[in-house]
Amino acid sequence: MADYDWQRIEAKWQKAWEEQGLFRADDRDASREKFYLLEMLPYPSGTLHMGHMRNYTIGDAVARYRWMCGYNVLHPMGWDAFGLPAENAAIKNGTHPRDWTNGNISEFRRVLRRFGFSYDWRREISTCEPEYYCWNQWFFLRMLEKGIAFRKKSKVNWCPECQTVLANEQVIDGFCWRHETTPAEIRELDQWFLRITQYADELLNDMAQLEAGWPERVLAMQRNWIGKSRGARVRFDVADAPGLSLEVFTTRVDTIYGVSAVLISADHPRIDEILVGSGRDASDPQLKSMRLKSIRAADIATAEKEGFFTGRFAMNPFSGERAPIWVANFVLAEYGTGAVMCVPAHDQRDFEFAQKYGLPVKVVVQPASGPALDAGQMPEAYTEYGRLVASGAYSGLAFEQAIEKMALAAQAGGFGKSEITFRLKDWGISRQRYWGTPIPVVYCEKDGIVGVPDDQLPVRLPDRVALTGQGRSPLAGVAEFVNTQCPKCGGKARRETDTMDTFVDSSWYFYRYTDPHNSSAPFQKEIAAYWFPIDQYVGGITHAILHLLYSRFFCKVMRDLGLVRHSEPIARLFTQGMVQKGGVAMSKSRGNVVGAIEMAEKYGCDTGRLYTLFAAPPDKDLEWNEQGIEGAARFLNRVYRLVDKHAGRLRGLPAALEAKIHLSECTAKEGRLLRKAHQTLQRVTNDFNQRWHFNSSIALVMELVNEMSAMEPLEADCSSAILKHLLGVLVAMLSPMTPHIAEELWEMLGNTGGLARGKWPAFREELTREEQVEIIVQVNGRLRGRVLVAETLAEVETRERVLADPHIAPLVSGKQIVKVIVVPRKLVNIVVKEK
RNA sequence: GCCGGAGUGGCGGAAUGGCAGACGCGGCGGACUCAAAAUCCGCUGGCCGCAAGGCCGUGUGGGUUCGACUCCCUCCUCCGGCACCA
């Protein structure tokens with residue numbers, strides 16, 4: 001008897017699948033249903049550990065299950081190949097980002113192949129290749145034409161020591177990642193943005209389509225991120241300054257008679273005009289410090305309220321009162337209008353500000369019930385809704401009517417209107433980096449900003465560039481790149497030297513997989529229409545907001561460009577949990593990784609896959625445990641031995657799965673095993689289709705194996721045909737999870753044609769049913785016994801059998817039976833009370 | 001503060017309103033062996049009991065129900081996201 005030689009088996013089947021092209025998706029197969037299964041595009045960095053592998057193992061199990069069920073499956077893989085780490089490595093070690101990246105890609109590809117994942121490798125893409133990023137540029141140009149791509153000034157982090165722009169992740173606690181004592185500064189640069197806010201409402205509303213297939217928490221996070229808020233915009237004219245006014249955004253226009261001041265952000269666009277005559281200007285130290293702080297995110301929430309009076313007053317258009325204009329550090333320039341009305345009685349922040357600076361507190365809303373508010377006695381702001389008081393003509397109104405009427409009055413008076421605001425900001429895509437997609441525009445002295453014509457794409461990234469980590473964009477130092485001709489007038493022009501955010505690459509890559517080698521378009525519409533939407537996307541929760549939101553946005557733009565007809569690219573999303581060791585996520589920097597290749601070499605990839613799926617439900621975090629792997633390895637050994645022991649006798653028999661079997665002709669042992677096998681099959685099938693509780697599926701298969709082992713010698717009362725069927729079902733169920741050993745055992749059993757495609761066995765309902773079932777007997781809801789009855793026994797008879805049972809009868813006698821609940825085939829509960 | 005998620009043996013976890021702790025890990029005992037490893041078998045939530053059996057038990061307190069780990073409400077703890085968002 002040979003041992004389970006996973007080394008040989010895994011190599012053998014990986015080679016066979018590759019040679020047969022078994023997992024190639026067919027773009028035009030109308031005879032089978034399509035299934036697009038996608039795992040999130042990996043960033044190839046360093047070595048792959050088991051934390052990465054969990055994502056692919058889950059995806060592969062589902063893909064293989066669908067293959068076995070006869071679907072036409074698209075299961076592709078590629079590389080998110082642009083990005084900062086490659087550039088950092090270049091600065092540190094002098095390697096070219098392309099070499100560093102391609103080296104990592106080779107390693108990733110090797111590991112994924114070693115695990116035998118069912119990818120259609122013909123569709124592999126790498127986003128750093130011109131054949132790919134060409135289409136990033138093409139999309140950018142379409143967006144430029146539609147006004148979705150535009151330029152505006154924006155803040156960046158700047159390290160004065162490096163003389164360079166820092167990405168957010170290069171700023172650590174406010175300091176440069178390479179100079180721990182140099183605080184990052186804020187600079188303003190002209191940058192490119194994509195107008196995602198144009199789709200804000202649609203991005204929010206279309207989530208209704210996703211509710212069935214996306215995790216609720218991801219939708220909640222996106223909703224939160226988009227942050228829709230209904231309110232009103234109201235104009236306050238600045239006193240003694242004709243033509244100068246401030247607009248505020250408020251969700252509580254009903255409190256406008258309680259305004260004590262108008263507060264503006266230190267970064268308000270009209271602050272210079274407001275400060276005229278105040279003795280302060282833009283160089284004021286207090287103003288400067290407030291501006292600097294505005295980007296330091298961490299301690300904002302706890303920061304002390306701070307501000308100063310500008311010397312100016314604003315006219316409240318409702319009450320006609322003069323309100324002082326203050327600059328306040330808690331007013332955000334980026335949200336709403338950058339100015340707010342300060343109503344201390346009804347907003348907690350305003351209350352704290354008013355306390356500190358002695359601004360008056362005016363109560364204009366009284367609670368519907370309870371004691372009336374007294375401005376002098378309030379410990380905190382009253383932020384609930386109520387009935388208006390001291391609000392001129394609006395006094396006495398409930399807040400709903402007040403908000404509506406006041407917005408209408410503002411509109412009629414020409415000083416405001418109701419408005420909806422979003423927290424979502426436009427997407428800044430400019431990066432002052434080398435290793436990314438060049439933004440395809442040129443700057444011409446005569447024609448200004450000119451998009452590069454489509455026939456000149458791609459704008460290639462030059463290979464020779466000095467990466468020193470200093471200066472603005474590295475491309476700016478490459479003369480032959482920068483200097484070019486204007487496509488319009490042929491005159492001298494300079495190329496844009498910023499590159500795109502890598503989230504652009506990953507916002508549409510899944511379309512490219514449908515037609516990866518197309519050189520005249522990002523993809524052919526008809527092919528994408530066949531495969532989309534993605535039936536199942538699998539990835540980490542870390543991408544819950546940005547990647548998924550940008551992808552949804554891109555889809556809508558593509559729809560408006562006529563490339564696709566759908567509005568949402570991803571029908572179902574699954575977010576798997578992290579793999580931890582020692583209670584924290586596996587990561588190189590923590591030094592707690594279990595290398596994927598090391599794992600495969602020590603135990604075999606099937607064992608690694610099995611353990612990954614068995615140790616925890618896929619959506620929960622998984623604690624890696626070496627002894628658990630040993631358990632998984634032990635189980636596969638047992639399965640191997642079980643099949644190996646009987647394979648010799650069974651090899652010559654006809655096909656295993658379709659065997660015609662009738663329980664009435666079976667021995668007791670055969671019946672028991674057949675029932676167990678088909679009950680297991682039923683639940684495993686259900687788990688694959690709906691619940692994805694692979695850990696439970698595996699436990700059930702283990703039970704089946706235990707039961708078969710316990711009945712050895714199986715040949716004694718089990719016909720060869722039935723045994724072959726049983727082992728065939730067992731092996732088939734394991735195939736999506738541990739495909740190599742399953743395929744080997746399938747072959748050992750004498751089956752031909754392979755197991756991986758079209759061989760998922762249908763469970764037979766009639767084989768899952770028990771002849772006799774154990775009925776749980778409860779008295780007043782407490783377990784008091786069990787009774788074996790025929791599966792078909794009617795409710796009345798069941799009830800009688802139970803009441804007559806020698807264990808139960810004494811518990812019931814002498815008492816009044818109030819009620820008997822009978823759940824057929826499961827349980828009887830007798831409700832009694834003392835007479 | 002707001003929004004999500006979780007809380008079950010020594011551990012990972014199972015149980016889609018119906019036997020709480022399946023399955024695995026670990027532990028204990030045994031078989032095989034000169035011995036060990038591997039493998040196989042048995043036991044393994046707590047308390048009471050010689051036993052049959054009984055009682056308690058799914059973070060807390062309440063509710064719905066014949067029946068609650070499961071549904072509803074309160075509170076506690078932990079994890080994640082967002083956060084002077086006007």
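## Exercises on a protein–RNA model

A sugar or linking oxygen of RNA strand B is 3.2 Å from an N or O atom in the side chain of Arg-641. The model is predicted. The exercises start from this RNA contact.

### Exercise 1. Polar contacts to the RNA

Find which part of RNA strand B is paired with Leu-332, with Arg-641 and with Lys-819.

Solution.
1. Take Leu-332. A polar backbone atom of this residue is 2.8 Å from a base nitrogen of RNA strand B.
2. Take Arg-641. Its side chain places an N or O atom 3.2 Å from a sugar or linking oxygen of the strand.
3. Take Lys-819. Here a polar side-chain atom lies 3.3 Å from a phosphate oxygen of RNA strand B.
4. Check the cut-off. A polar contact is a pair of N or O atoms within 3.5 Å.

### Exercise 2. The surface around the RNA

Describe the protein surface near RNA strand B by its residue count, its classes and its main helix.

Solution.
1. Count the residues. RNA strand B is surrounded by 51 residues.
2. Name the closest. They are Thr-251, Lys-305, Asn-686, Arg-786 and Asn-829.
3. Look at the RNA side. Of the atoms of RNA strand B that come within 4 Å of the protein, 60% belong to sugar and phosphate.
4. Sort by class. The surface has 20 nonpolar, 14 polar and 17 charged residues.
5. Find the main helix. Helix α21 (residues 694-710) gives the largest share, six residues.

### Exercise 3. A helix pair

Characterise the packing of helix α19 (residues 626-650) against helix α22 (residues 720-734).

Solution.
1. Choose the descriptors. Two packed helices are described by the angle between their axes and the distance between the axes.
2. Read them off. The axes of α19 and α22 come within 11 Å and cross at roughly 145°.
3. Give the hand. The crossing of α19 past α22 is left-handed.
4. List the contact. From α19 come Phe-635, Val-639, Leu-642, Val-643, His-646, Arg-649 and Leu-650. From α22 come Ser-720, Leu-723, Lys-724, Leu-727, Leu-730, Val-731 and Leu-734.
5. Sort the contact by class. It has 10 nonpolar, two polar and two charged residues.

### Exercise 4. Backbone and domains

Locate the cis peptide bonds before Pro-533 and Pro-713, the positive phi of Asp-240, and the spacing of domain 3 and domain 4.

Solution.
1. Start with Phe-532 to Pro-533. This bond is cis, with omega near 0°. Pro-533 sits in the loop between α15 (525-531) and β26 (536-540).
2. Go to Glu-712 to Pro-713. This bond is also cis, with omega near 0°. Pro-713 is in the loop between α21 and α22.
3. Check Asp-240. Its phi is near 60°. Asp-240 lies in the loop between β10 (229-238) and β11 (245-250).
4. Place the domains. The assignment for chain A includes domain 3 (648-768) and domain 4 (772-834). Their C-alpha centres are 35 Å apart.

Notes: Residues numbered from 1 in each chain as written. Chains lettered and ligands numbered in written order. Predicted model: local features only at pLDDT ≥ 70, side-chain atom pairs only at ≥ 80, totals over all residues. Heavy atoms only, no water. Axes fitted to C-alpha atoms, helices over the stretch in contact; angles between N-to-C directions. Helix = DSSP H or I, 4+ residues; strand = E, 2+ residues; numbered from the N terminus. Left-handed = near helix turned anticlockwise from the far one by under 90°. Contact = heavy atoms within 4.5 Å. Nonpolar A, V, L, I, M, F, W, Y, C, P; charged D, E, K, R; others polar. Near = heavy atom within 4 Å. Polar contact = N/O pair within 3.5 Å; in protein donor to acceptor, adjacent residues only side chain to side chain. Domains from an automatic or database assignment.
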